[in-house]
Amino acid sequence: MKITDTTPAGVENPGPPSGPDPMVTKTTAPAPRKEPKGEGSTLNVFSHGILILWAVMVVMPLLWAVMTSFKTDRAIFTSPWALPDRLHFENWSRAWTEAHMSDYFLNTILVVGGSLFGTLLLGSMAAYVLARFEFPGNRFLYFLFIGGMSFPIILALVPLFYVMQNMALLNTLHGLILVYIAYSLPFTVFFLTAFFRTLPTSVAEAACVDGASHTRTFFQVMLPMAKPGLISVGIFNFLGQWNQYLLPTVLNTEPERKVLSQGLVQLAVSQGYKGDWSGLFAGLVMAMLPVLAAYVVFQRQVVAGLTAGAVK
């Protein structure tokens, strides 16, 4: 069989290509993996060491207080760092009944629960209006709330005492609730105003187009979206109101209406003379447990509320 040369006249046959076949895919070797720099490793070791040291400094006093609450008074002074020989639960029962920690605990739950509900309700409503609506005096009211954060509460104790006395709210739990709400509103409005500004406006506009009123839009649409911010500011207010001592000391002097912070101080003074240090530590741990439990349960929501709106 004769093979016909199809090369045009005057053109030299180039022959087979000398380079690699273009149909063959060339595989390249993976790039060598870069080793971490020594400076980064040193920085990580240093930062982790600081965090571990800080954790030990925070956790050790708490563990020591819990351990001491189960010891006897003699063991507290003879072997303060040793583990208790057995768990003396009578220390807790004695602090709960004889030191009236149960009454202080109940009063604190009523006051903090009522003030926390009122603070979040009123603070979220005020923050929503300041963040979403433009009206004359909007910025003035916003900076007025911010100014309330810088006002020292100790300067208002004397006039506040006489105002509460004239309104027949002195030495009452509901009067203390109102004072706690007024004390916590500035920070709550400041925090939630910035949070409501990060929420999408299109959702509220869609609700208004569907016929929802401003009240329904706030309670059924915007407030559920602000749940991380509400939990974060609620935790901060809970910590501040639970540990509040100055306001109840001045405005709540009736023994049967004292809150937990007042009861701990009274327990420290009375047990200091009696030498019942184990009962004192038991009462101290009772006051710490709700705060620790609240933070452990809501720690993820606190972080989410603080970082929400950082990246749109």
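Here are two short exercises on this predicted model, each with a worked solution. Local features need pLDDT of at least 70 and side-chain atom pairs count only at pLDDT 80 or more, while totals for chains, interfaces and linings use all residues. Residues are numbered from 1 along each chain as its sequence is written, and side-chain values use heavy atoms, with hydrogens and water left out.

**Exercise 1.** Work out which class of residue lines the largest pocket, and how many of each there are.

*Solution.* Start with the space itself: the largest pocket has a volume of about 440 Å³. (On a 1 Å grid over the protein atoms alone, a pocket is an open set of points where a 1.4 Å probe fits, with protein on both sides within 12 Å along at least five of seven lines; lining residues have an atom within 4 Å of a point. The volume is the space filled by probe spheres set on the points.) Next, look at the centre: of 19 lining residues, the closest to it are Ile-153, Ala-182, Tyr-183, Ser-184 and Pro-186. Now sort by class: 14 are nonpolar, 5 polar and none charged. (Ala, Val, Leu, Ile, Met, Phe, Trp, Tyr, Cys and Pro count as nonpolar, Asp, Glu, Lys and Arg as charged, the others, Gly among them, as polar.)

**Exercise 2.** Find which side chains meet in salt bridges.

*Solution.* Searching the whole structure turns up 2 salt bridges (a side-chain nitrogen of Lys or Arg within 4 Å of a carboxyl oxygen of Asp or Glu). One pairs Arg-86 with Glu-90, at 3.9 Å, N to O. The other pairs Glu-256 with Arg-257, at 3.7 Å, N to O.
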